[in-house]
Amino acid sequence: MIRKIRKQWRLHVMMIPGLIILAVFAYYPLYGLVIAFEDYSVAKGFHSPWVGLENFRYIFSMPGFVRTIPNTLFIAICKIVLGVAVPVAFALLLNEIGNGFVKRTFQTLVYLPNFLSWVIIAGVFIDILATDGVVNRILGRIGFAPVSFLGNPEVFPFTMIVTDVWKGFGFGTVVYLAALSGIDPGLYEAAMIDGAGRLSQVRYITMPCLKSIIVLMAFLSLGNIFNAGFDQIYNLYNSAVYETGDIIDTYVFRIGIEQAQYSAATAVGLIKSVISGLLLVTAYSLAYKFADYRVF
């Protein structure tokens, strides 16, 4: 180990600025987690009265918080599943296009939304999905009643899932297209000689070759299972859809920032961080076991 450090000391020196930034902005603020165990007062600061686990008992007695757990899990799991399935399917379809210009055009178009913030996209979707918006006008033309995409508690979670997948599947498509480009063309030529059609080639060559990257992307997404997308939901939700659309992050924001319940909000954030950390460790372990992926 010492010999390796001496040999790579320049690389270690280059890491120092990043480690300093990480320590100052990521690890030093962890001291603030003590708020979760105090009856925090702005006037008294970190010397507020110690209450132990009282804040944790309080948040689990709040129906609003308990409701956010299944909401978060449902929205996050659906996003993870479709966030893997849709890019794979689109990459396979895009890979079948022989015209390079058309292929690059579609690839660019689906990747562009990834660069836009949810503040911008939310404004667009609020207009498009409004009761008198473009989507409902089209539905009305073909005989369907208007749908309140952003005001109906039963429809809102699915609206969040579909819009999030639309925004992010372009990035996944690029990843899978890169994996497809690494497949040996000789495998397809041999399959064609044996009489295999396009579907058979996808089933017996393409999908087995993509299996490791699909498994890797799926496992790495497990760490985000409690991150259902604060930016998206905060910019699109309203009090009418709290029942099914309120997630842990938006709930923490409301009670912590809007209602100034700092101790309760910190307690919720701590629970979420601990569970997410355990899931992240599990995800990397599974990625190493099944996809031979390792950070170091």
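**Rings and core, with the cut-offs**

Reader: Why is Phe115 called exposed?
Author: Its relative accessibility is 58%, and exposed means over 50% (buried is under 20%, partly exposed in between; 1.4 Å probe, protein chains only), so Phe115 makes the cut. Mind you, this is a predicted model, where local features need pLDDT of at least 70, side-chain atom pairs count only at pLDDT 80 or more, and totals for chains, interfaces and linings use all residues. Residues are numbered from 1 along each chain as its sequence is written, and side-chain values use heavy atoms, with hydrogens and water left out.

Reader: What makes Tyr111 and Phe115 an edge-to-face pair?
Author: Rings of Phe, Tyr and Trp (its six-membered ring) pair if their centres lie within 6.5 Å; planes under 30 degrees apart are stacked, over 60 edge-to-face, the rest tilted. By that rule there are 16 aromatic pairs. Tyr111 and Phe115 come out at 5.0 Å centre to centre with 85 degrees between planes, so edge-to-face it is.

Reader: And why is the pair Tyr234 and Tyr237 called tilted?
Author: Their centres are 6.2 Å apart and their planes 45 degrees apart, so they pair, but as neither stacked nor edge-to-face.

Reader: How do you know whether Tyr237 is buried or exposed?
Author: Its relative accessible area is 12%, so it's buried. Tyr234, at 32%, is partly exposed.

Reader: What makes you say the charge of Arg254 sits over the ring of Tyr242?
Author: The rule wants NZ of Lys or CZ of Arg within 6 Å of the ring centre and within 35 degrees of the ring normal. The charged end of Arg254 is 4.1 Å from the centre of that Tyr242 ring and counts as sitting over it.
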